[in-house]
Amino acid sequence: MNVNDFDFHLPEELIAQTPLLDRTSSRLLVMNKETGDVDHRHFRDITDYLHEGDTLVLNDTRVLPARLMGVKEETGAHIELLLLKQVEDDVWETLVKPAKKVKVGTVISFGDGLLKAECTALLDHGGRHFKMIYDGIFYEILDQLGEMPLPPYIREKLEDQERYQTVFAKERGSAAAPTAGLHFTEELLDEIRAKGINIAFITLHVGLGTFRPVSVDSIDDHKMHAEFYRITQETADLINNTKKQGGRVISVGTTSTRTLESVAEKFGGELKEDSGWTDIFIFPGFEFKAIDGLITNFHLPKSTLVMLVSALSNRENILNAYNEAVNERYRFFSFGDAMFIEPQKKETHQ
């Protein structure tokens, strides 16, 4: 399959630059997974499409305010540091701008010396390892000095940093938000629970590779970035029981999907407590073992995320739905509207 098979026309003005005041007021395009039929609703109506006995799976990762603006100690040159992942205690893998000014031994100061970072290694892809030097609790200092690492297509300043966190964000470590979860409020989650729908959590720390464009022509040649995930025994049991009892597993976001399918693939279709790194690449032809339906945002043309949603239904259904979303002026990407790829209600297994 060719990457261009997943292209569609997206006017730039449809890329949402700011979040809506009310999370649940986003629009919701509901698409039947089998037929491709489309319905236009609002996100607060999601409860109309969830049934008693279903399980909704959410990613509880919390985005780090990972963008730091500092100065090089020797020269005062302005340097931007983006924390990607913790390598060991105080050592982080980072991206640096401008990278050419930073060599091993370079020290960068942030917040008038509240935090310092010394470059300890140069990496193949242009990244750097930095050792953090500080007094106190690192994450508290990061909350004080850091900014949210918003995707490159968002150019507006985010007034409230919490709007780039889900209301259930708990486990620190993401470089980007699991954006399908941004539409939920505590009140909506209570409403869902009251309807007899289970809510389960996994953790997948989203890497910046999420935004990396596919740079090869053939899908088979694309290599996915690896991301850290964790699933508890409680969540595994809940999902296994849901499937046994004929309920549907509805994944919220491509990150939850990649976690569940990675674990199901590892254990022959069953879910178990597990953690590790996944570089699973889901595209048409993939056989889903864990999820039945998916709540997700609208993704970039030719991206691995469009390929993933196409795998769950089919390419024609997804591109037709996306073209309808464009015609109906839906808002796209991180702060945009949502889509529910709705599976049929299942028959109970005897």
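Colleague: What volume does the largest cavity have?

Modeller: The largest cavity comes to about 90 Å³. A cavity here is a set of points on a 1 Å grid over the protein atoms alone, where a 1.4 Å probe fits but cannot get out. Points are joined across faces, edges and corners, and the volume is the space filled by probe spheres set on them. This is a predicted model: local features need pLDDT of at least 70, side-chain atom pairs count only at pLDDT 80 or more, and totals for chains, interfaces and linings use all residues. Residues are numbered from 1 along each chain as its sequence is written, and side-chain values use heavy atoms, with hydrogens and water left out.

Colleague: How many cavities of 30 Å³ or more are there?

Modeller: Four, by this rule.

Colleague: And which residues line the largest cavity?

Modeller: The lining, meaning residues with an atom within 4 Å of a point, consists of Pro19, Leu20, Arg23, Ser26, Arg163, Thr179, Leu182, His183, Asn297, Ser334, Phe335 and Gly336. These split into four nonpolar, six polar and two charged. Ala, Val, Leu, Ile, Met, Phe, Trp, Tyr, Cys and Pro count as nonpolar, Asp, Glu, Lys and Arg as charged, and the others, Gly among them, as polar.

Colleague: Asn297 is in that list, and it belongs to S16 too. Which residues sit on each side of that strand?

Modeller: Gly293, Ile295 and Asn297 are on one side, Leu294 and Thr296 on the other, and all are buried. Buried means under 20% relative accessible area, exposed over 50%, and partly exposed in between, with a 1.4 Å probe and protein chains only. Strands (E, at least two residues) and helices (H or I, at least four) are DSSP runs numbered from the N terminus.

Colleague: Which way does S16 run against S14, parallel or antiparallel?

Modeller: Parallel, with three bridges joining S14 (residues 249-252) to S16; strands pair if DSSP finds at least two bridges between them. Val252 stands opposite Ile295 there. S16 also has four bridges to S17, and that pair is antiparallel, with Leu294 partnered by Ile341.

Colleague: Moving on to H5, how many of its residues are buried?

Modeller: Nine of nine in residues 304-312. Its cover includes H4 (254-266), S16 (293-297), H6 (315-327) and S17 (338-342), by contacts, meaning heavy atoms within 4.5 Å.

Colleague: What about the loop between S16 and H5, where Lys302 sits?

Modeller: Lys302 has a positive phi near 65° without being a glycine, and at 31% relative accessibility it counts as partly exposed.

Colleague: Which other residue that is not a glycine has a positive phi?

Modeller: Asp112, at about 55°, in the loop between S8 and S9 (115-122). Asp112 is exposed, with a relative accessible area of 87%.

Colleague: Nice. Which peptide bond is cis?

Modeller: The one from Lys97 to Pro98, with omega near -10°. Pro98 lies in the loop between S7 (91-97) and S8 (107-110).

Colleague: Thr106 is in the loop between S7 and S8 as well; is it buried or exposed?

Modeller: Buried, with a relative accessible area of 5%. Its side chain reaches the backbone oxygen of Lys103 at 2.9 Å. That is a polar contact: N or O atoms within 3.5 Å, one able to donate a hydrogen and the other to accept it within protein, where residues adjacent in sequence count only if both atoms are side-chain atoms.

Colleague: And what does Thr106 touch further along the chain?

Modeller: Leaving out residues up to four places away in sequence, Thr106 touches Lys72, Lys101, Ala117, Glu118, Cys119 and Phe130.

Key
On a 1 Å grid over the protein atoms alone, a cavity is a set of points where a 1.4 Å probe fits but cannot get out, and a pocket is an open set with protein on both sides within 12 Å along at least five of seven lines; lining residues have an atom within 4 Å of a point.
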